[in-house]
Amino acid sequence: MKSLVYSGFPLVIETETDGFIYGEITDHFDFEYEEEESCTSGDGFVQAPDGSRAGIIWEIATEPYLSVCIEPEADRWGVYNVGFIRPIKTMDDLIFNFQILIPLIKEAYNSAKLEQ
């Protein structure tokens with residue numbers, strides 16, 4: 001089932017892990033406006049293997065975490081606050097952060113699907 005939520009925003013195919021793919025809302029490589037050397041917060045989404053999507057609001061944290069911001073709805077399996085542990089300067093940083101969160105993302109996805 002393809003989701004129309006977050007349409008128009010690109011999937012970052014390089015992040016694909018176990019069928020889950022990170023989608024970019026915040027341009028992670030346009031951090032000059034922040035007068036910093038890396039991107040330290042932003043918005044994105046996750047596309048599950050079935051094409052359904054959930055929102056991600058991320059920040060840098062000392063430990064990875066995932067907490068519910070908006071419960072699952074008809075058009076998405078929720079919106080989550082997450083902690084990335086590495087500021088994003090390169091694609092490798094984005095991939096690393098996404099892969100660290102995969103166990104938490106899978107758990108949130110499975111929980112949301114059980115509730116439907």
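In what order do the 6 strands of the open sheet stand, and what is the sense of their pairing?

1. The model under discussion is predicted, and its sheet is an open one in which 6 strands follow the order β1-β2-β3-β4-β6-β5, with mixed pairing. The edges are taken by β1 (11-17) and β5 (65-70), each of which has a single partner strand, so that one side of each is left without a neighbour in the sheet. On average, and with direction ignored, neighbouring strands of this sheet are turned by 30 degrees against each other.

2. Within the sheet, a parallel pairing joins β4 (residues 53-60) to β6 (residues 79-84) over 6 bridges. Ile60 stands opposite Phe84 of β6, and Phe84 is also listed among the residues with the most contacts inside the largest nonpolar core.

3. The secondary structure of the chain amounts to 1 helix and 6 strands, which succeed one another along the sequence in the pattern β-β-β-β-β-β-α. The helix, α1 (residues 91-115), lies across β1, β2 (20-24), β3 (41-47), β5 and β6, and runs at about 70 degrees to β1.

4. The largest nonpolar core holds 22 residues, and those with the most contacts inside it are Phe20, Trp58, Trp77, Phe84 and Ile105. At least two residues of this core come from each of β2, β4, β6 and α1, and it is α1 that gives the most, with 8 residues. In soluble globular proteins, nonpolar side chains tend to be buried together.

5. Phe20 deserves a separate look. Once its neighbours within four places in sequence are set aside, Phe20 is in contact with Thr15, with Val46, Gln47, Ala48 and Pro49, with Trp77, and with Phe98, Ile102, Ile105, Lys106 and Tyr109. Two of these partners, Trp77 and Ile105, are named together with Phe20 among the residues that have the most contacts inside the core.

6. As to overall dimensions, a compact globule of 116 residues would have a radius of gyration near 13 Å, and the 13 Å found for the chain agrees with this. Taken along the principal axes, the C-alpha atoms fill a box of roughly 45 × 30 × 25 Å.

7. Of the 116 residues, 44% count as buried, while the accessible surface of the chain comes to about 6200 Å², with 53% of it belonging to carbon and sulfur atoms. When contacts between residues at least 6 apart in sequence are considered, 53% of them join residues at least 24 apart.

Technical notes
Residues numbered from 1 in each chain as written. Predicted model: local features only at pLDDT ≥ 70, side-chain atom pairs only at ≥ 80, totals over all residues. Heavy atoms only, no water. Pairing = 2+ DSSP bridges. Helix = DSSP H or I, 4+ residues; strand = E, 2+ residues; numbered from the N terminus. Axes fitted to C-alpha atoms, helices over the stretch in contact; angles between N-to-C directions. Contact = heavy atoms within 4.5 Å. Core = buried A, V, L, I, M, F, W, Y, C linked by side-chain atoms within 4.5 Å. Buried < 20%, exposed > 50% of the residue type's maximum accessible area, 1.4 Å probe, protein only. Rg over C-alpha atoms; globule rule 2.2 N^0.38 Å. Areas by Shrake-Rupley, 256 points an atom, 1.4 Å probe, with all protein chains shown as cover.
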